[in-house]
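Visitor: Could you zoom in on the aromatic rings for me? I'd like to know which groups sit beside them and where those groups belong along the chain.

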Amino acid sequence: MYKDSNKAYIKSFDEYQKVYKNSISNNPLFWEKIADRISWYDKWDTVSNVDYKKADIKWFEGAKLNVSYNCIDRHIENGYGDKTALIWEGNDPSEDKAFTYSQLLDKVATFANALKKINIRKGLYPVIYNIS
C-alpha cells in the first residue's frame, strides 16, 4: 500500500467503494461536489444531460471556467507559488526539469504574449507541428 495513504484523498479501498457507490446513486450531486473543488466564472445550469442511446452527453452546461487559472494561478494565490507544479522528463532519463507554479505561470504568460503578438485570438485554433 502507498506509504502516505493518510495524505491521500481516498485513504482506503473501503472508502473508495463508498465513494463509488455514492457516485452511482447520487450522480449529479456527486459531480457537483467534485466540481466545487475548482474555480468557475459561471456555475452550470445542469450538471449532466445524458442520452447514451444517441451518444449525446453533456456536462456542466452553461458553465465557464479558465483551465489555466485552475491549474496554476489559484495555487499561487493559495501560497503554493514555490511548490513544484510540473516535472518534465525527457526521452533520456538524465534529462529532467522541475517547474514551480510561479515559474510555470511565467512560461505560460510568455507563450500567451507570443501568441497575441502573432494575432492568435479567442476562437482560433493554432496548430504546432514539427516537420523532421
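**A close look at the rings**

Guide: Let's start with a charge: the charged end of arginine 37 sits over the ring of tyrosine 9, 4.4 Å from its centre (that label needs NZ of Lys or CZ of Arg within 6 Å of the ring centre and within 35 degrees of the ring normal). This is a predicted model, where local features need pLDDT of at least 70 and side-chain atom pairs 80 or more, while totals for chains, interfaces and linings use all residues. Residues are numbered from 1 along each chain as its sequence is written, and side-chain values use heavy atoms, without hydrogens or water.

Lysine 97 does something along those lines with phenylalanine 99: its charged end lies over that ring, 5.1 Å from the centre.

Now for rings against rings. Searching the whole structure turns up 8 aromatic pairs (Phe, Tyr or Trp rings, with the six-membered one for Trp, centres within 6.5 Å; stacked under 30 degrees between planes, edge-to-face over 60, tilted for the rest). Take tryptophan 40 and phenylalanine 60: their pair is tilted, with 5.5 Å from centre to centre and 40° between the planes. Tryptophan 40 belongs to the loop between helix H2 (27-35) and strand S1 (46-51), while phenylalanine 60 is in strand S2 (residues 56-61), so this pair ties together parts that are 20 residues apart in sequence. Those elements are DSSP runs, numbered from the N terminus: H or I of at least four residues for helices, E of at least two for strands.

How buried or exposed are the two partners? Tryptophan 40 has 19% relative accessibility, so it counts as buried (under 20% is buried, over 50% exposed, in between partly exposed, with a 1.4 Å probe and protein chains only). Phenylalanine 60 is buried too, at a relative accessible area of 17%.

Phenylalanine 60 has another ring to deal with: tryptophan 59 pairs with it, again tilted, at 6.1 Å centre to centre and 40° between the planes. Tryptophan 59 is partly exposed, with a relative accessible area of 40%. Step back and you get a whole cluster, in which ring pairs link Phe30, Trp31, Trp40, Trp44, Trp59 and Phe60.

There's a backbone detail at this spot as well. Phenylalanine 60, which lies in strand S2, has a positive phi of about 50° although it is not a glycine.

If odd phi values catch your eye, here's another one, away from the ring cluster in sequence. Asparagine 119 is in the segment after H4, and its phi is near 70°, positive in a residue other than glycine. Asparagine 119 sits just after that helix. Its relative accessibility of 51% makes asparagine 119 exposed.

For a wider sense of the layout, look at isoleucine 76 in helix H3. At 26% relative accessibility, isoleucine 76 counts as partly exposed. Its C-alpha is 32 Å from that of asparagine 27, and the two residues are 49 residues apart along the chain.

Back to your rings, then: phenylalanine 60 is the residue to click on, as a buried ring that is tilted against tryptophan 40 and also against tryptophan 59.
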